[in-house]
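Visitor: I am new to this one. Could you show it to me and explain the terms as we go?

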Amino acid sequence: MSGILFLAWRHAAAHRARTSILIACVALALWVPWTAGALAGQYDRTLRARAAETPLIIGAPGNRYDLTLAALYFRPSRLETVPYQELERLQEGGKATFVPLHMRFTARGNPIVATSVEYVEFRGLEPAEGRHALRLGEVALGAEVAQTLGLRPGDALLSDPTELYDISRPPALKMRVAGVYRPSGTPDDGAVFCDVRTAWVLEGIAHGHAPAEEIDESLVLSRAEESVAVSGALMEYAEVTEENEGTFHYHGDTALLPLSALLAIPASRKDGTLLKSAVNAAGDLQAVTPTSVIDDLLGVVFRIKAFFDLVGGFLLGTTALLVYVVFLLSSRLRAAEMRTLDRIGAPRRVGAGLIGLEAVLVLLVAGALAGGATAATLRWLPDLVSTF
Amino acid sequence: MTSDAAPDARPAGASLRGVSFSYAPSAGTRPFRLEVDELTLHAGEAAAVIGPSGSGKTTLVHLCAGILVPASGELAVGGVRLDQLTDAERRRERARQVGLVFQEFELLDYLSALENILVPLRVRGATREELRAGRVRATELAQAVGIADLLGRTPAQLSQGERQRVAIARALVTEPALVLCDEPTGNLDPDAASGAVDLLLQEARARGAALLMVTHDHGLLDRFDRVLDVTALAGSGGATP
């Protein structure tokens, strides 16, 4: 057998171009269905796992897919905001613990997730270095963000400006890194966490500047008993420090401060059901169960996968026919060689053995290539969940 | 049958006794029958086989090689009765005991000269040690037939005469008891043919192998120990085309 294997190998090696084309065709035909299957499986596992851990999401009425994907995976979207007072109103009901989420901003391309300490407790995030972001202007980094940006506690991170040419909008905020979380294998690894108050500073709703009594008189437009009108030329602080933290304040109604969504963690399934019914019945907000939204979403994904399976099946079938024809023609072209080997004393059906072994070699190499290509695709393809 | 006296003292390389073989007649072909009463080739003995086209020369070679199986009679190579073996056993014996040289040389174009010489060992599933020893023998044979510098070349990179020498080395590498040549000089010019036959006879004799060569070139016959007319192998005419 080793002699026949040697001959099969030498024949394949001697006809490099033909062998390479065959290997490429078979590898491609295997790569398509393998990758589609693996991606669908990975997509399925990732989406379901995160959804299953999250009992209920509450947000403004609108697209429930956007709300779910934004709340679970921080997918960029333009969600209608939920006023902060809704959080307080729901909390009064006592049916669940509510976690605020604000996700409008990014820092060097990574989503800034403004929330409360309940979020990190709920997701089980633990600092590998430093601590949670508890103070205004502080951030705690997901493991992937910290690694990619090379940041550690004590370093600074600038938020991405949202309106580069609108000078009425607040500039980028320089935030201090308070801690870095351990890798969790979830979208949390790719997020920058901060307190919701920091998000409101980023929104421009809250700001800090020199105390009214210390403002240069040239910037004061008018002074009343309870208020001072100042020029727009007054510089707001672009960084929260221990010295200026006390000067940060809101001008509007704090009850209307915006949130993107709320995570609701009911005490029981019954409380969850009652809460969901109550919120949806009221109509000014929507409550969604992530697992059912994801199930709907995966229905679409698996319809796409079925299409890829069909295409992959055709590709595989066509390639199998091509390979069959190539080896059939090869066996005819090699009839004289087989006759020689037969007369020299090779085992019966040496021809079938040689062709079969060469086919097996091609399949093995193609299979290894397709496996490697599938692994590389899964490794290097951008996160499908966040780009869906 | 014409022959010189065979040296009886030597062991038999091949022997056929009362062998009968026939091709079944089929549409468009004539029936063919070959009978051999008695034929013994001793170790180191060289015999030429002559006869008109279609008289059964190649059939005789194939019978001696165990490629064809006689309907009756005894056929032995190197003391092993091929007619009593199964197909698989006969193939193993052929790879071990019989060296073959063909008219078209029939080298494998994707192998080097050295790899071609070692093909009989490869196809019989030789062990690593056997292959190692075979490589040493192949190198010696290549030296002997004058192609030591060409072992890395493929058949396409060799001349006709060089391919012939590779084929001769391939036939001898297993140190066979019997070397069978089916018109091995048919594609060579007279000088090259003469040189190839001399080489084959010299190497076969040097290794104590019996040699049976089919040839149409009567100018070469005086170099053989015996000349066999295939039509006279049986008492009243060996082959019936």
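Visitor: How much area does chain B expose, and what share of it do carbon and sulfur atoms supply?

Guide: This is a predicted model, so every value here is computed from it. Chain B exposes about 10000 Å². Carbon and sulfur atoms supply 48% of that area.

Visitor: What about chain A?

Guide: Chain A exposes about 19800 Å². Here carbon and sulfur atoms supply 59%. Chain A has 388 residues, and 43% of them count as buried. In chain B, buried residues make up 54% of 241.

Visitor: Which helices and strands are there in chain A and in chain B, by count?

Guide: Chain A has 12 helices and 17 strands. Chain B comes to seven helices and 10 strands.

Visitor: Why is the pair of A:Tyr84 and A:Trp200 called edge-to-face?

Guide: Start with the search of the whole structure: it finds seven aromatic pairs over all chains. In this one, the ring centres of A:Tyr84 and A:Trp200 are 5.4 Å apart. The limit for a pair is 6.5 Å. Their planes stand at 90°. Over 60 degrees counts as edge-to-face. The pair therefore earns that name.

Visitor: What makes you say that this pair ties together separate parts?

Guide: A:Tyr84 lies in helix 4, residues 84-93 of chain A. A:Trp200 lies in helix 7, residues 196-203 of chain A. The two are 116 residues apart in sequence, so the pair ties those parts together.

Visitor: How do you know whether A:Trp200 is buried or exposed?

Guide: Its relative accessible area is 3%. Buried means under 20%. So A:Trp200 is buried. A:Tyr84 has 24%, so it is partly exposed.

Visitor: Why is the pair of B:Tyr23 and B:Phe32 called tilted?

Guide: The centres of B:Tyr23 and B:Phe32 are 5.7 Å apart, with 45° between the planes. Stacked needs under 30 degrees, and edge-to-face needs over 60. An angle of 45° meets neither condition, so this pair is tilted. B:Phe32 counts as buried at 10% relative accessibility. B:Tyr23 is partly exposed at 37%.

Visitor: What links A:Phe74, A:Tyr119, A:Tyr181 and A:Phe193?

Guide: Ring pairs do, and they form a cluster.

Visitor: What makes B:Arg122 count as sitting over the ring of A:Phe6?

Guide: The charged end of B:Arg122 is 3.6 Å from the ring centre of A:Phe6. The distance limit is 6 Å, and there is an angle limit of 35 degrees from the ring normal too. A:Arg64 also lies over a ring face, that of A:Tyr65, at 5.3 Å from the ring centre.

Visitor: Which residues make the nonpolar surface patch of about 420 Å²?

Guide: A:Val300, A:Ile304, A:Phe307, A:Phe308 and A:Val311 make it. A patch residue needs over 30% relative accessible area. A:Val311 has 35% and is partly exposed. A:Val311 lies in helix 9, residues 290-333 of chain A.

Visitor: How do you know that A:Ala370 is buried?

Guide: A:Ala370 has a relative accessible area of 1%. The cut-off is under 20%, so A:Ala370 is buried. A:Ala370 lies in helix 11, residues 350-380 of chain A.

Visitor: What does A:Ala370 touch, beyond residues up to four places away in sequence?

Guide: A:Ala370 touches A:Ala27, A:Leu30, A:Trp31 and A:Trp34. The C-alpha atoms of A:Ala370 and A:Leu28 are separated by 6.7 Å. Along the chain, those two are 342 residues apart.

Methods: Residues numbered from 1 in each chain as written. Chains lettered and ligands numbered in written order. Predicted model: local features only at pLDDT ≥ 70, side-chain atom pairs only at ≥ 80, totals over all residues. Heavy atoms only, no water. Phe/Tyr/Trp six-rings, centres within 6.5 Å; stacked < 30°, edge-to-face > 60°. Helix = DSSP H or I, 4+ residues; strand = E, 2+ residues; numbered from the N terminus. Buried < 20%, exposed > 50% of the residue type's maximum accessible area, 1.4 Å probe, protein only. Patch = residues over 30% accessible without salt bridge, like charges linked within 9 Å, V, L, I, M, F, W, Y side chains within 5 Å. Areas by Shrake-Rupley, 256 points an atom, 1.4 Å probe, with all protein chains shown as cover. Salt bridge = Lys/Arg side-chain N within 4 Å of Asp/Glu carboxyl O. Contact = heavy atoms within 4.5 Å.
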